[in-house]
Amino acid sequence: MNDQPVCQDIPTTITTRDGRTLRVRSLAASDAVLLERMFYRLSPETIYRRFFIAAEHASPELVHKSAKRLAAINPHREAALVALADEQGSEEAIAVARFARLPHNPKVAEASILVRDDYQGTGVGRKLLALLLSEARAAGLERLIFLTHADNTPMIRLAMGLGLPFQGRHADGLYEIHVLLEPQSATTFEFVRNE
């Protein structure tokens, strides 16, 4: 692994299917407040699907600490992109896509994406994920791993619909999807049942 930052900060814009324009840039430590405000605009279902926690268990202290931790990116092993909109005169986070290299394998990273409920289904997730894939390739990654609930159909469709080969496993009510960044890889899907 080289010492170059993972994410080259080149701000860009994306447009939703309904014509709204969002700015996309690298997440910064100062964006913790944006992540915190975004959290409070998520539905309980979205909170559960993304953070694997019931909304009522997310105390203000936990939300604050988590937002600070998630915004503190180590540029040599992580990348995070945030999509922003102007809403009533203030900048708000709409979506965040991120990856972090695995400590034991720097060619593989865990990845995730979160889209605010009022922007879900507008194409933001797909476009932001495409930008994250570009960052992953530029960083020399070979694979991104997404972990989601087995009933999170939109996330599963999003990961599997990237036009890239994938390997999938289903176990204990979760899907683990390995998106392969090498085009010659074959798609496989394995169902694992724990006895």
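## A walk through a predicted chain

Pro154 is found in helix H5, where helices (H or I, at least four residues) and strands (E, at least two) are DSSP runs, numbered from the N terminus. This is a predicted model, in which local features need pLDDT of at least 70 and side-chain atom pairs count only at pLDDT 80 or more, while totals for chains, interfaces and linings use all residues. Residues are numbered from 1 along each chain as its sequence is written, and side-chain values use heavy atoms, with hydrogens and water left out.

Let us stay with Pro154 for a moment. Pro154 counts as exposed, at 56% relative accessibility; here buried means under 20% relative accessible area, exposed over 50%, and partly exposed in between (1.4 Å probe, protein chains only). Its C-alpha atom is separated by 9.3 Å from that of Gln120, and the two residues are 34 residues apart along the chain. Gly161 lies in the loop between H5 and strand S7 (166–171) and counts as partly exposed at 39% relative accessibility. From Gly161 to Arg126 the C-alpha distance is 8.9 Å, with their positions 35 residues apart in sequence.

**The overall layout**

The secondary structure comes to five helices and nine strands, following the pattern β-β-α-α-α-β-β-β-α-β-α-β-β-β along the sequence. Of the 195 residues in the chain, 45% are buried. Contact means heavy atoms within 4.5 Å, and among contacts with a separation of 6 or more, 58% come from residues 24 or more positions apart. The accessible surface is about 10,500 Å², of which 52% belongs to carbon and sulfur atoms; these areas come from the Shrake-Rupley method with a 1.4 Å probe, and for residues only the protein chains shown count as cover.

**Cores and an enclosed helix**

A nonpolar core is a set of buried Ala, Val, Leu, Ile, Met, Phe, Trp, Tyr and Cys residues joined through side-chain atoms within 4.5 Å. The largest one has 37 residues, and Phe99, Leu144 and Phe146 have the most contacts inside it. Elements giving two or more residues to this core are S2, S3, S4, S5, helix H4 (124–138), strand S6 (143–149), helix H5 (153–160) and strand S8 (174–180). H4 gives the largest share, six residues. Another core, of 19 residues, lies apart from it, with Ala32, Leu34, Leu70 and Ala93 among them.

Two of those names, Ala32 and Leu34, turn up again among the buried residues of H1, together with Leu35, Glu36, Met38 and Phe39. Six of the eight residues of H1 are buried, so this helix is largely enclosed by the rest of the structure. Its buried residues are covered by elements including strand S2 (21–26), H2, helix H3 (60–71), S3, S4 and strand S5 (105–115).

**Charged pairs**

The structure holds ten salt bridges, each being a side-chain nitrogen of Lys or Arg within 4 Å of a carboxyl oxygen of Asp or Glu. Here are three of them.

| Acidic residue | Basic residue | Closest N to O distance |
|---|---|---|
| Asp31 | Arg25 | 2.7 Å |
| Glu87 | Arg41 | 2.7 Å |
| Asp118 | Arg116 | 2.7 Å |

Salt bridges that share partners join Arg23, Arg25, Asp31, Asp86 and Glu91 into one network. Within the first pair, Asp31 is buried at a relative accessible area of 3%, whereas Arg25 is partly exposed at 22%. In the Glu87 and Arg41 bridge, distant parts of the chain are linked: Glu87 is in strand S3 (residues 78–87), and Arg41 is in the loop between helix H1 (32–39) and helix H2 (44–51), 46 residues apart. Glu87 is buried at 18% relative accessible area, and Arg41 is partly exposed at 42%. For the last pair, Asp118 is partly exposed at 39%, while Arg116 is buried at 1%.

**A buried arginine without a bridge**

Arg98 lies in strand S4 (residues 90–102). Which side chain of opposite charge is nearest to Arg98? The nearest is Glu78, 4.2 Å away, and Arg98 is buried yet has no salt bridge; Lys and Arg count as positive and Asp and Glu as negative, with His and the chain ends not counted. A polar atom of the Arg98 side chain does lie 2.7 Å from the backbone oxygen of Leu70. Leaving aside neighbours within four places in sequence, residues in contact with Arg98 include Leu27, Arg50, Leu70, Ile73, Glu78, Glu110 and Leu132.

Definitions and conventions: Polar contact = N/O pair within 3.5 Å; in protein donor to acceptor, adjacent residues only side chain to side chain.
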